[in-house]
Structure formats: C-alpha cells, structure tokens
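Biologist: Could you walk me through this one? I would like to start with a loop and then jump around a bit.

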Amino acid sequence: MKKTRNEVINNDEIDLNLKNEHEHINKKDQQRIDKEYQKKIVERKKKFLESLKTENEVFDKRTLMNLYNLLVGKHVDELSGIINSGKEAVVFRAEGKDKETGEFEEYAVKVYRVSNCDFKTMWKYIQGDPRFHLKRSSTRQIINAWVEKEFRNLLRAGDYINAPFAILKRENVLLMELICDEDGTPCPRLKDCIVDYEKFYEQIREDIKILYQDAKLVHGDLSEYNILVQDDEPIYIDFSQGVISQHPLSKTLLIRDIKNVCNFFKRKGVKTDYKEFYKYATGSELHPLDEELAKNY
Ligand SMILES: Nc1ncnc2c1ncn2[C@@H]1O[C@H](COP(=O)(O)OP(=O)(O)O)[C@@H](O)[C@H]1O
Ligand SMILES: [Mg+2]
C-alpha cells in the first residue's frame, strides 16, 4: 500500500523515538554493566591480594601488577596455592578458563623475586646468548631477559622432549602449563619418586641427546630436582639457565648436567658412565680441557 507523506514522517518519527529510547536503555544498561564489572574487578583484586597475604608472600608493587594483569587478562581466575617457594622464585598453582576453548585449565605461575635474584650470574648466561643483545642493563632488564630466556627455552625444548608448555610472560612472571595428575595435583620431582631407574636413566640419556643435537639446547641446571615424573615419564622443568649450543658455556654446563644425572642414578644402583653419556649425547669424545673447566664451574 502506498503510504501518504504524513504516514512516512510519522513512521520516521516513531523509528527515531524508538532509537532514542534504545540508546537510552543501552547507555543505562552499559553504565550498570560497567559498574558491575568494575565492582567485580575490585572484588577480584581484593581476593587476589588477600590470597597472597595468606601465602605470606611479599612482592613489590610492580610484581603484584604483573600478577594481577594475568587475572585481568583473563588467563587465570585465581591463584590456588604455592607449589614451591625457593630463594629466587615462587611457583603458584593457578586455575582459569582457557581463552579459546573456554575449558577449565590448571596453570603454574613462576614469579621471580626481583630482590633475591643473583644478577651477576644471570648476566653471565645472558651475555653469551646470541638471542639477546643487551648492553649494560638495569636489574629489571636483566630479569626480563632471564624470564624471556626461560620462556623461549621451554618452548624450544617442548618441541623435542617433555616440558611444560609456556603460555606467556610478563616481566618477572611466567605462566605455563601445570604438570599434574588427573586430579590436578602437581607431579612430584624425580628426587621424591620411586621409578624404574634403569629405564629412566636410558630415557634421560636419550632426551639429553635430542635436546643437544636437535633442539641445540643445554638445560644448564639438570638434576633430580628439575625433572618431574608424570605417567612414569620424565618431564623437564626450570630452563632458566638453559643455553643454546653456540653459547661459550654450553659444553661446561652440559658436562655438569650429565655428571648430576649420573651421580643421582649411581646412588640408585644404576651403572653409569658420564664420559660414555657425553659421547652419546654429543657424538664426540669428552675433551679433558672441557672437563677441567667444568670442575671449576
Ligand atoms: N609447570 C610446573 N608444573 C608443576 N610443578 C611445577 C612446574 N614448574 C615448577 N613446578 C614446581 O615448582 C618447583 C620449583 O620450580 P623451578 O622452576 O624448578 O624453580 P626454582 O628456580 O625455584 O628451582 C619445582 O621443583 C616443581 O616442584
Ligand atoms: Mg628448580
């Protein structure tokens, strides 16, 4: 039906009014939603800071902000306890929903205590690493590079051997996959487990070879403390000291790693031979000079 001019105008007016009303409602709704959202954020922040207090942890303001940003960034909903509190770092267990799948996930959050870190040693490892081009740096920059190094090493190692998947880093805070059992309980360290030691020794020997020859990486702090056991398999953690094979310290660190592993398995009754292990891992004989250097390290 043909509309009269009048009708058209009226209809337009009605539309306009409706639109205005809609905008009005939207604005009001939006304000309410924003308010609720802000309130929720404040509540979360309070709860989060409270949970840290009960953990008896003292962090600087910037670390708290980095941790808190993990929440606001919606990676983690809450920190649900401390897994380990060491001199240089604290590892929290955390829970949240995966951003993409929406599924419930468990995480490990490693937080470096800025004031307790040994910057001199960190600097030594970072300096020789061609992935980092730091000239004289502030302690913040050094710690950033240190955590970045751990993050990259975890991803690189994880392409070849078992290691937690690194998700993100924010300055001195690293978020990664939690290595846990079906109930979400963090897996124990090799040091605290009873395993088939012969089998584990062989497996670790194979993994170190793959890490060195294919991933071109040396763990740098390998021991029964930095190997977790999940489903009767070794999972390697704590790659912060890891260096790539071109690094001037790589051989020294590899020898030290191999000796640590051999000493542990020897105590468990396994016949070990660090020279043979070294040759197997690298494909070349252990040079007496490298061994001498490793002794003093
Ligand atoms: N991804 C993880 N999943 C489960 N437990 C972990 C994870 N990362 C660390 N842990 C636990 O926290 C402890 C300390 O972590 P680590 O990275 O070795 O830090 P540190 O530098 O203090 O040795 C480990 O021995 C392990 O028990
Ligand atoms: Mg460790």
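**Loops, ligand and helices**

Modeller: Keeping in mind that this is a predicted model, we can begin with D192, which lies in the loop between β5 and α5, the latter covering 197–213.

Biologist: Is D192 buried or exposed there?

Modeller: D192 is exposed, because 11 other C-beta atoms lie within 10 Å of its own, and the limit for that class is 12 or fewer.

Biologist: How far is D192 from Y225, going by the C-alpha atoms?

Modeller: The C-alpha atoms of D192 and Y225 are separated by 8.7 Å, while along the chain the two residues are 33 residues apart.

Biologist: Switching to the ligand, which residues come nearest to ligand 1?

Modeller: There are 20 residues around ligand 1, and of these N84, G86, A108, I179 and D238 come nearest.

Biologist: And which strands supply at least two residues each to that shell?

Modeller: Strands β1 (78–85), β2 (89–97), β3 (104–112) and β5 (173–177) each do so, and by class the shell consists of twelve nonpolar, three polar and five charged residues.

Biologist: What about β7 and β8, in which sense do they pair?

Modeller: Strand β7, residues 227–230, and strand β8, residues 233–236, pair in the antiparallel sense over four bridges, with Q230 standing opposite E233 of β8. The two strands form a hairpin that has two residues between them, and D231 in the turn has a positive phi of about 50°.

Biologist: Which way does phi usually go?

Modeller: Most residues other than glycine have a negative phi. Here E171, in the loop between β4 (166–170) and β5, has a positive phi near 50°, and K216, in the loop between α5 and β6 (217–218), has a positive phi near 55°.

Biologist: How do E171 and K216 count for exposure?

Modeller: E171 is partly exposed, with 19 other C-beta atoms within 10 Å, and K216 also counts as partly exposed, because it has 15 C-beta neighbours inside 10 Å.

Biologist: Last topic, at what angle do α6 and α8 cross?

Modeller: The axes of α6 (residues 250–267) and α8 (residues 288–295) cross at roughly 75° and come within 9 Å, which means that α6 is roughly perpendicular to α8.

Biologist: Which residues make that contact?

Modeller: From α6 the contact is made by K251, T252, I255 and R256, and from α8 by D290, E291, L293 and A294; by class, that contact has three nonpolar, one polar and four charged residues.

Definitions and conventions:
Residues numbered from 1 in each chain as written. Chains lettered and ligands numbered in written order. Predicted model: local features only at pLDDT ≥ 70, side-chain atom pairs only at ≥ 80, totals over all residues. Near = placed C-beta within 6 Å. Nonpolar A, V, L, I, M, F, W, Y, C, P; charged D, E, K, R; others polar. Pairing = 2+ DSSP bridges. Buried ≥ 20, exposed ≤ 12 C-beta atoms within 10 Å, placed from the backbone. Axes fitted to C-alpha atoms, helices over the stretch in contact; angles between N-to-C directions. Parallel < 35°, antiparallel > 145°, perpendicular 65-115°, else oblique. Contact = placed C-beta atoms within 7 Å.
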